[in-house]
Amino acid sequence: MEKILIIEDEKKISDIVKTYLEREGFTVAVAPTGREAFKLIKDRFDLIILDLKLPDIDGEEICSTIRKASDVPIIMLTAKSSEEERVKGLGMGADDYVVKPFSPRELIARVKAHLRRTKKGERKSLSFNEGALKIDTSAMEVRKRDKAVPLTTSEFRILLGLAERPNIVFSREQLVNIVQGYDFEGYDRVIDAHIKNLRHKIEDDTQKPMFIKTVYGAGYKFIGVQD
Ligand code: CA
């Protein structure tokens with residue numbers, strides 16, 4: 001059974017989300033504070049739902065701390081409606097966000113989409129540019145010149161989605177779909193933020209990418225040469 005951690009101080013919200021998740025067969029733990037979350041997190045969770053505004057520790061700080069140790073999918077709950085703030089949250093390594101007030105059903109749909117993505121896939125190893133970039137699909141590991149590159153789940157999905165079909169242009173909307181398994185309006189800048197992070201991790205020169213090329217007005221394509 002998959003385990004989900006809800007980090008949220010508003011009991012009304014955590015109760016509703018917990019009820020919905022349990023109804024779907026998930027095991028759910030709730031942490032009402034950041035400190036409590038850090039205690040619980042020593043257990044393994046399959047997904048974390050994280051409220052950005054907590055009484056003790058900033059949600060963004062919790063997010064980056066979790067990310068240092070684990071690539072567990074993180075969905076942020078945020079009251080911040082400005083796109084700037086959301087993109088910042090994703091920069092901290094969250095995979096997705098939901099703006100309050102949200103419908104529990106929508107949240108559950110996203111939880112399932114993220115879990116499906118994590119579980120899916122047989123073992124496959126892809127290698128590009130004479131071994132300069134290697135992708136292990138089931139271990140979700142990427143190596144740049146045999147050095148492990150830590151990627152978030154979303155970054156990994158985008159890279160794999162592109163690399164599996166080299167030289168095909170993907171629009172930002174298609175990439176959103178690859179990341180989340182459903183369409184999401186107004187997500188362009190989030191994809192751009194993920195691509196920017198990815199390039200810093202896998203490219204030698206982000207101005208002259210060897211792997212992910214911008215196709216102006218259209219999207220992105222993978223230009224690595226498979227070995
Ligand atoms: Ca809160």
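Which residues have the most contacts inside the largest nonpolar core? In this predicted model, they are I135, V142, L159, L162, L175, I212 and F222, within a core of 27 residues. The briefing below covers that core, an open four-stranded sheet with two helices lying across strands of it, and a calcium site formed by D9, D51 and K53.

**Nonpolar cores**

- The 27-residue core draws two or more residues from each of β6, β7, α6, α7 (172-180), α8 and β11 (219-222).
- Helix α6 gives the most to this core, contributing six residues.
- L175, one of the residues with the most contacts inside the core, touches I158, L162, F170, I191, I195 and Y220 when its neighbours within four places in sequence are set aside.
- Another core, of 21 residues, lies apart from the one described above; L54, I62, I66 and Y97 are among its members.
- As a general tendency, nonpolar side chains in soluble globular proteins are buried together.

**The open sheet and the helices across it**

- Four strands form an open sheet in the order β6-β7-β8-β9, and their pairing is antiparallel.
- Strands β6 (125-128) and β9 (147-149) are at the edges; each has a single partner strand, so one side of each is left without a neighbour in the sheet.
- From one strand to the next, the twist averages 25°.
- Four bridges join β6 to β7 (residues 133-136) in the antiparallel sense, and S125 has D136 of β7 as its bridge partner.
- Helix α6 (residues 153-163) lies across β6, β7 and β8 (141-144), and runs at about 105° to β7.
- Helix α8 (residues 188-202) lies across β7, β8 and β9, and runs at about 50° to β8.

**Calcium site**

- The calcium ion is coordinated through OD of D9, OD of D51 and the O atom of K53, at 2.1 to 2.3 Å.
- In sequence, these donor residues follow the spacing D-x41-D-x1-K.
- The pair D9 and D51 links distant parts of the chain, 42 residues apart: D9 belongs to the loop between β1 (3-7) and α1 (11-23), whereas D51 belongs to strand β3 (residues 47-51).
- D51 has a relative accessibility of 3% and therefore counts as buried, the cut-off being under 20%.
- D9 has a relative accessible area of 33% and is therefore partly exposed.

Key
Residues numbered from 1 in each chain as written. Predicted model: local features only at pLDDT ≥ 70, side-chain atom pairs only at ≥ 80, totals over all residues. Heavy atoms only, no water. Pairing = 2+ DSSP bridges. Axes fitted to C-alpha atoms, helices over the stretch in contact; angles between N-to-C directions. Contact = heavy atoms within 4.5 Å. Donors = N, O, S within 2.8 Å, 3.2 Å for Na, K, Ca; no water. Buried < 20%, exposed > 50% of the residue type's maximum accessible area, 1.4 Å probe, protein only. Core = buried A, V, L, I, M, F, W, Y, C linked by side-chain atoms within 4.5 Å.
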